[in-house]
Each structure stands twice: as structure tokens, then as C-alpha cells.
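Open the model in your viewer and keep the sequence panel beside it. Each stop below says what to select and what is there.

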Amino acid sequence: MMRIDKQTAPDKTLRRDTQQRREIRQVFQSNDRPLAADEVLRLAHRRVAGLGMATVYRTIKALTAQGWLVPVEVPGAPPRYEVNGKAHHHHFRCLKCGKLYELRACRERPGKLVPPAFRLVNHVVIIDGFCAACEGKKKSTRRRALPMSANP
Ligand SMILES: [Zn+2]
Ligand SMILES: [Zn+2]
């Protein structure tokens, strides 16, 4: 006879963990911009019953350790995370809502700023401004509406 009763509890926990992780990954994939832990909780808690901040932190940590997520550091703000393996890109930070958006291209020529005999390894560009939603413009979902070469 099978002793199902002893297996039930750990199976349930494992299934719940797997489901929570899947839903959190889904949140990152469907939003397609870097997310902070509190944003993940807000976006995922509708889909996952009983989801709490501790679980979100733990899941983000595990997905980062796996290499599925990478942190996006923003000075003076909590770290955001984005799906690993994207092509080289930069970010736009809204000064009102605090959301970080992905800019699809790099139009800088940072190599030109580096003195001769120096070697460029990496560069980070964050453009600050106001997103279309905060500006009250209707075209908030159009990515190309984002200013690529802000010239204030
Ligand atoms: Zn905004
Ligand atoms: Zn670049």
C-alpha cells in the first residue's frame, strides 16, 4: 500500500514554490522592463494567492543565483532586476513614478570620451526624465516615444 499521507506536505510546498517562481518569471517577461522587488509583489500578488515580500525576495535571489535575472543598479534607489541575456541597452528613469524603462539602443560613442591609452571596458547610461504616462500623454505604450537623445 502506498503511504501518500507522508508525501503530501513536501509535495505541496514544492508545487507552491514552483508555481510562485513560474508566476514571478512571467511577471518579468510580460513587463519587459527592470522591476524592483516591491513592483514584483504588486504585479504578482493578483496571480499568486498569499504571495508575500519574503517570498518575492527569496525568489529574486534564487533566479539571480541561477543567472536568469541580473541586477540593474540605480544610484540612490533599490536595485531592479531584469531578465539576463538581453542585447546591450540602457535605461530611462522616470523621476515621478520611479519606473525604469528599457531603451532599445545605444547611440552614445563612449569610446570617444576615453583618453588615449585608456581602455574602455563598460559603460552605463541612465536617462532621467518623465515617462509618457506621468506626462499625461496618451502614447504611453509606444516605446519609440521615449526620448533616446534627451536634449533638455
Ligand atoms: Zn512615470
Ligand atoms: Zn551603450
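**Stop 1: helix H3**

Select H3, a helix of 13 residues. From its first C-alpha to its last it reaches 18 Å, close to the 18 Å expected at 1.5 Å a residue. Bear in mind that this is a predicted model.

Which residues of H3 are buried? They are Val56, Thr59 and Ile60. Look down the helix axis: the buried residues fall within an arc of 100°, so they line one face of H3. The general rule is that an α-helix has 3.6 residues a turn, so residues three or four places apart point the same way. Now turn to the other side of H3, where Ala54 and Ala65 are exposed. Step just past the end of the helix to glycine 67, which takes a positive phi of about 85°.

**Stop 2: the largest nonpolar core**

Keep Val56 and Ile60 selected; both belong to the largest nonpolar core. Add Ile24, Val27, Phe28, Leu35, Ala36 and Val40. Then add Ala44, Val48, Leu69 and Tyr81 to complete the core, 12 residues in all. Helix H1 (4-31), helix H2 (37-44) and helix H3 (53-65) each supply at least two of its residues. H1 gives the most, with three. In soluble globular proteins, nonpolar side chains tend to be buried together.

Center on valine 27. Setting aside neighbours within four places in sequence, valine 27 is in contact with Val40, Leu43 and Ala44.

**Stop 3: the whole chain**

Zoom out. The chain has four helices and five strands. Along the sequence they follow the pattern α-α-α-β-β-β-β-β-α. Buried residues make up 14% of the 152 residues in the chain. Take the contacts between residues at least 6 apart in sequence: 45% of them join residues at least 24 apart.

**Stop 4: the open sheet**

Select E3, E4 and E5. In what order do the three strands of this open sheet lie? The order is E4-E3-E5, with mixed pairing. E4 and strand E5 (126-129) are the edge strands, each pairing on one side only. Neighbouring strands of the sheet are turned by 25° against each other on average, direction ignored.

Now focus on strand E3 (residues 90-94) and E5: they pair in the parallel sense over four bridges. Find arginine 93, which stands opposite aspartate 128 in E5.

**Stop 5: two residues of E4**

Move to strand E4 (residues 100-103) and pick leucine 100. Is leucine 100 buried or exposed? Leucine 100 is buried, because 21 other C-beta atoms lie within 10 Å. Beyond its neighbours within four places in sequence, leucine 100 is in contact with Arg33, Pro34, Val72, Val74, Arg80, His91 and Arg93. Measure across to histidine 90: the two are 10 residues apart in sequence and 9.9 Å apart, C-alpha to C-alpha.

Finish on glutamate 102, also found in strand E4. Glutamate 102 counts as partly exposed, because it has 17 C-beta neighbours inside 10 Å. Leaving aside neighbours within four places in sequence, glutamate 102 is in contact with Asp32, Arg33, His89 and His91. Last, draw a line from glutamate 102 to proline 34. These two are 68 residues apart along the chain, yet their C-alpha atoms are separated by 7.4 Å.

Technical notes
Residues numbered from 1 in each chain as written. Chains lettered and ligands numbered in written order. Predicted model: local features only at pLDDT ≥ 70, side-chain atom pairs only at ≥ 80, totals over all residues. Core = buried A, V, L, I, M, F, W, Y, C linked by C-beta atoms within 7 Å. Buried ≥ 20, exposed ≤ 12 C-beta atoms within 10 Å, placed from the backbone. Contact = placed C-beta atoms within 7 Å. Expected span 1.5 Å × (residues − 1). Arc of directions from axis to C-beta. Pairing = 2+ DSSP bridges. Axes fitted to C-alpha atoms, helices over the stretch in contact; angles between N-to-C directions.
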